[in-house]
Structure formats: C-alpha cells, structure tokens
Amino acid sequence: MRYHNITKDDMRNGDGLRVVLWVAGCGHCCKNCHNPVTWDPDGGLAFDDAAKEEIFEQLEKSYISGITFSGGDPLHPANSAGVRKLMEEIREKFPGKTIWLYTGDSWEDILNYPVMKYVDVLVDGEFHEEEKDVKLRWKGSANQRVIDVQKSLAQADPHKPVLHCGDYAESYEPVEKPEHVCGCCD
C-alpha cells in the first residue's frame, strides 16, 4: 500500500476531528476529481511503520474522533489488503475511535467485503460533476451516500443501506451520466 498524505485535525472528512490517510490508487478516474494526484497506485510513498506510528500517535489523542480512509480509493486492489490490516489493528488498539471510508464503489457491490466489519461510516459512489453540491455534508455529489455500515449490516436485508446523514435521501433523482465520461478523457 502507498499513500500521499496523512492529514491531522481534519474536520471535513467525517464527524469530529479526525486523522485522514490519503492512499494512492484509484480506478474510477471521476471527472473533476478533487484529488487526481492519488489515482496512480505507484505514486506517493510506501506505507511503513513510521506512517502507521504517525496515525497511532494522532489516534491516542482524546479529542480525535477517529480515522478516515480516502485517496485515491482505499478499496483499490493496491490498497485493500493493507487497509484491511490497518483497520483491524486500529479497531483492536483504539476501540472507541470511529473508522470512515470513502470509495467510488457502491454499497451494494461491497457490502460483503470482509473489511466492512471494521467500517463505521462509508461514503460510497463515484463523484459526478453533474451532481456536485458544495452544501452536502461529507460528500461531493448528490448521488453519493453517507452510510451507517454497522446498522446496515445488522438489518435482515443489508442491501438497503441505513443512511448516517440523509441529504437528498427522500427526494434524490439521479442525473443521467453520459457514457464513457471519466477524468481520464473528455
């Protein structure tokens, strides 16, 4: 696993003050992505013990609510094993801290991934420039959802997610996304 940055005292990527790990590698290539430098899975720095210790030092602070995994995409094949292992360590060492995960994948496609047992809140879906709204909490476009993972998994049918926050939950209608539109080509 590789990463680009570790952000401290972050207020934009989840509840409370958080530490954010920005991993390298994303295959979604969303048009006008806010962080395209993270797309290359070979970019950034190797995630090593010093980086892990930097995260743990932040999580030891009582005012830090938890960690957010973003990027890039933490579920990209270059990241998934390393992210899962790190989440497992964090859950064991810091059981009172929350774990958030941002991914371009949809909940319905990933709800059975083993890593989901460690995630408290998931922000799913690709960023759609056509649905960008700066007033949304913790997401960039109206199609994305902020999902309470553990409540969703506890339901009889976890395919219908329980939203952590419900911007557009009742009235959202998808905007038709043109085919073959991504950040890689126009």
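The questions and answers below go through a predicted model of one protein chain, from its overall make-up to single residues.

Residues are numbered from 1 along each chain as its sequence is written, and side-chain values use heavy atoms, with hydrogens and water left out. Because the model is predicted, local features need pLDDT of at least 70 and side-chain atom pairs count only at pLDDT 80 or more, whereas totals for chains, interfaces and linings use all residues.

User: In what order do the elements of the protein chain run from the N terminus on?

Analyst: Helices (H or I, at least four residues) and strands (E, at least two) are DSSP runs, numbered from the N terminus. The protein chain has four helices and eight strands. Read from the N terminus on, the order of these elements is β-β-β-α-β-α-β-α-β-β-α-β.

User: What percentage of the residues of the protein chain count as buried?

Analyst: Buried means under 20% relative accessible area, exposed means over 50%, and partly exposed lies in between, with a 1.4 Å probe and protein chains only. The protein chain has 186 residues, and the part of them that counts as buried is 46%.

User: Why are the buried residues of helix 2 on the same side?

Analyst: Helix 2 covers residues 80–93, and its buried residues include Val83, Leu86, Met87 and Ile90. These residues lie on the same side of helix 2 because they cover an arc, taken from the directions from the helix axis to the C-beta atoms, of only 105°.

User: Which exposed residues does the face of helix 2 turned away from its buried side carry?

Analyst: The buried residues of helix 2 are covered by parts that include strand 2 (17–23), helix 1 (49–59), strand 4 (64–71) and strand 5 (98–102). On the face turned away from the buried side, helix 2 carries the exposed residues Ala81, Lys85 and Glu92.

User: Which residues touch the most other members of the largest nonpolar core?

Analyst: A nonpolar core is a set of buried Ala, Val, Leu, Ile, Met, Phe, Trp, Tyr and Cys residues joined through side-chain atoms within 4.5 Å. The largest such core has 31 residues, and the elements that each supply at least two of them include strand 1 (2–10), helix 2 and helix 3 (107–110). Those that touch the most other members are Ile55, Phe69, Ile90 and Met116.

User: What kind of aromatic pair do Trp100 and Trp138 form?

Analyst: Rings of Phe, Tyr and Trp (its six-membered ring) pair if their centres lie within 6.5 Å, and planes under 30 degrees apart count as stacked, over 60 as edge-to-face and the rest as tilted. Trp100 is in strand 5, while Trp138 is in the loop between strand 6 (121–124) and strand 7 (145–148), 38 residues apart, and both are buried. Their ring centres are 5.1 Å apart and their planes stand at 75°, so the pair is edge-to-face.

User: Is Tyr102 buried or exposed?

Analyst: Tyr102 has its place in strand 5. Leaving aside neighbours within four places in sequence, its contacts (heavy atoms within 4.5 Å) include Arg12, Phe69, Val123 and Trp138. Because its relative accessibility is 14%, Tyr102 counts as buried.

User: What is the positive phi of Asn32, which is not a glycine?

Analyst: Asn32 is found in the loop between strand 2 and strand 3 (45–46), and at 49% relative accessibility Asn32 counts as partly exposed. Although Asn32 is not a glycine, its phi is positive, at about 60°.

Technical notes: Expected span 1.5 Å × (residues − 1).
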